[in-house]
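Subject: Structure handover and notes

Hello,

Please find the structure below, as agreed. My notes come after it.

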Amino acid sequence: MSASANVTARRLTAAALTAGALVGALTVPASAADHRAPRPDVQISRVQYDSPGPEDRSNRSLNAEWVEITNTTRREVNLDHWTLSNRVGQTYTFHHYRLAGRATVRIHTGIGLDRGADLFQDRRNYVWDNYSDTATLRNDPSRLVDVVSWGAPHRRHGGRH
């Protein structure tokens, strides 16, 4: 092999190694992104924590405060004994409720008749703090499914915050 062929072979080898290193370096951020925690199949999708209009503790005002839970899968999910609670521990427990696939249920604070996509906590006082609170969804009865916080000092995913 001639000297120029030897130099050319070394340059090609060096170029191939450099290209491989660059490709490897560029793929690190993409593979790191793959390690993020997936969103839960059932999640808190929206929170209306500040009842529109005057907060006069009327049933109308109480029911304008709500949390939406969405099933992002195609299969029905049994929410029996699941709980939805605020930061100070006020808790709503689901009873005999199945959430259809790709469906959303709204849990209102006030008094009402549970029907389809609307459930009621039957409370006479507000649950969600307008300035800072946390909505926590747990299943049967203690495994954390999803959590949404608003206000100082924390922020979380989606929903109305």
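What follows is a description of the chain, its two sheets, its aromatic contacts and a few buried residues.

Conventions first. This is a predicted model in which local features need pLDDT of at least 70 and side-chain atom pairs count only at pLDDT 80 or more, while totals for chains, interfaces and linings use all residues. Residues are numbered from 1 along each chain as its sequence is written, and side-chain values use heavy atoms, with hydrogens and water left out.

Overall

The chain has two helices and ten strands; helices (H or I, at least four residues) and strands (E, at least two) are DSSP runs, numbered from the N terminus. Read from the N terminus, the order is α-β-α-β-β-β-β-β-β-β-β-β. Of the 161 residues, 36% are buried, where buried means under 20% relative accessible area, exposed over 50%, and partly exposed in between (1.4 Å probe, protein chains only). The accessible surface of the chain is about 9900 Å², and carbon and sulfur atoms account for 55% of that surface. Areas come from the Shrake-Rupley method with a 1.4 Å probe; for residues, only the protein chains shown count as cover. Counting contacts (heavy atoms within 4.5 Å) between residues at least 6 apart in sequence, 52% join residues at least 24 apart.

The β5-β4-β9-β10 sheet

An open sheet is formed by four strands in the order β5-β4-β9-β10, with antiparallel pairing. Two strands pair if DSSP finds at least two bridges between them. Strands β5 (91-93) and β10 (143-150) are at the edges, and each pairs on one side only. From one strand to the next the twist averages 15°; axes are lines fitted to C-alpha atoms, for helices over the stretch in contact, and angles run from 0 to 180 degrees between N-to-C directions. Strand β4 (residues 83-85) is joined to β5 by three bridges, and the two run antiparallel. Within β5, Y92 is the residue opposite L84.

The β1-β2-β7-β8 sheet

Four strands also make an open sheet in the order β1-β2-β7-β8, here with mixed pairing. β1 and β8 each have a single partner strand, so one side of each is left without a neighbour in the sheet. The twist here averages 25° from one strand to the next. Strand β2 (residues 66-71) pairs with strand β7 (residues 104-108) in the antiparallel sense, over five bridges. In that pairing W66 stands opposite H108 in β7. The ring of W66 also has the charged end of R106 over it, 3.7 Å from the ring centre. The criterion is NZ of Lys or CZ of Arg within 6 Å of the ring centre and within 35 degrees of the ring normal.

Edge strand β8 (residues 118-120) contains L119. L119 is buried, at a relative accessible area of 5%. Beyond residues up to four places away in sequence, L119 touches Y92, F94, Y97, V105, R106, I107, H108 and D114. E68 is 51 residues from L119 in sequence, and their C-alpha atoms are 10.0 Å apart.

Aromatic residues

A search of the whole structure gives three aromatic pairs. Rings of Phe, Tyr and Trp (its six-membered ring) pair if their centres lie within 6.5 Å; planes under 30 degrees apart count as stacked, over 60 as edge-to-face and the rest as tilted. Y49 and W150 form a stacked pair, at 4.7 Å centre to centre and 10° between the planes. Y49 lies in the loop between β1 (42-48) and α2 (59-63) and W150 in strand β10, so the pair ties together parts that are 101 residues apart in sequence. Both residues, Y49 and W150, are buried.

Ring pairs link Y49, W128 and W150 into a cluster. W128 is in the loop between β8 and β9 (133-139) and is buried, with a relative accessible area of 3%. Apart from neighbours within four places in sequence, the contacts of W128 include Y49, V67, L84, T109, Q121 and W150. W128 and W66 are 62 residues apart in sequence, with 8.4 Å between their C-alpha atoms.

Helix α2

One residue to note here is S61, which is in helix α2. S61 is buried, with a relative accessible area of 5%. Outside four places in sequence, S61 is in contact with S51, P54, E55, D56 and Y126.

Regards
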